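Student: I would like a close look at a single part of this chain and how it sits against its surroundings. Please take one helix and the sheet beside it.

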Amino acid sequence: MKIHKSHFRTAGLQILGILAVCIVLLDGCTLLSEEKIKLRDLDFTILGEEKIPEQLMTIIEERKREAFQITYTDNTNLYICIGYGEQETGGYSIAVNELYLTDSNIVVSASLLGPDGTKQENKTPSFPYIVIKTEYLEQTVTFE
């Protein structure tokens, strides 16, 4: 059986192509994992309704019936808003699990905590949301 040099060349090019794809995929995985490396926690304040900028409050009122995640800035502060839509009763609270900075993102994680069940809860529907005020940064906010 006679093997031509062109077969070796074709096989070599295929192997090089596969290696190139593997390198690109591995590099992509590295980039994804680097985005999650916490540089530092961010200081923040939870705002009551009276402290929320009027324009932001208007947006929240328009969206509160459905779950939402929005950001708002006044070029001095960054406001991160998370709403959980209509709930059957009152008594809910929201916990901020994490708020931190990475190389490319601001990562925020929050949880809706249900009524504790020990008190007679208000049977009127509620629209729980939280407004987190932090320093103004230009990174994209990632909600987890």
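Tutor: What follows describes helix 2 and the sheet it packs on. The model is a predicted one.

First, the setting. The chain has two helices and eight strands, and these follow one another along the sequence as α-β-β-α-β-β-β-β-β-β. Of its 144 residues, 30% are buried. Among contacts between residues at least 6 apart in sequence, 70% join residues at least 24 apart.

Helix 2 spans residues 54–63, and L56, M57 and I60 are buried in it. These three lie on the same side of helix 2, because they cover an arc of only 100° around the axis. The general reason is that an α-helix has 3.6 residues a turn, so residues three or four places apart point the same way. On the face of helix 2 turned away from the buried side are the exposed residues E54, Q55 and E62. The cover over the buried residues of helix 2 includes strand 3 (67–73), strand 4 (77–84) and strand 7 (129–135).

Those strands belong to an open sheet of four strands, in the order 2-7-4-3, with antiparallel pairing. Strand 2 (44–46) and strand 3 stand at the edges, each with a single partner strand, so one side of each is left without a neighbour in the sheet. Direction ignored, neighbouring strands of this sheet are turned by 20° against each other on average. Helix 2 packs on the sheet by touching strand 3, strand 4 and strand 7, and the direction of helix 2 makes about 165° with that of strand 3.

At one edge, strand 2 pairs with strand 7 in the antiparallel sense over three bridges. Here I46 stands opposite I132 in strand 7.

At the other edge, strand 3 pairs with strand 4, again in the antiparallel sense, over seven bridges. T73 has L78 in strand 4 as its bridge partner. The two strands form a hairpin with three residues between them, and N75 in the turn has a positive phi of about 70°. Strand 3 also has two unlike faces: F68, I70 and Y72 make up the covered one, while A67, Q69, T71 and T73 make up the uncovered one.

To draw the part together: helix 2 has L56, M57 and I60 buried, with strand 3, strand 4 and strand 7 among what covers them, and carries E54, Q55 and E62 on the face turned away.

Key: Residues numbered from 1 in each chain as written. Predicted model: local features only at pLDDT ≥ 70, side-chain atom pairs only at ≥ 80, totals over all residues. Heavy atoms only, no water. Buried < 20%, exposed > 50% of the residue type's maximum accessible area, 1.4 Å probe, protein only. Contact = heavy atoms within 4.5 Å. Arc of directions from axis to C-beta. Pairing = 2+ DSSP bridges. Axes fitted to C-alpha atoms, helices over the stretch in contact; angles between N-to-C directions.
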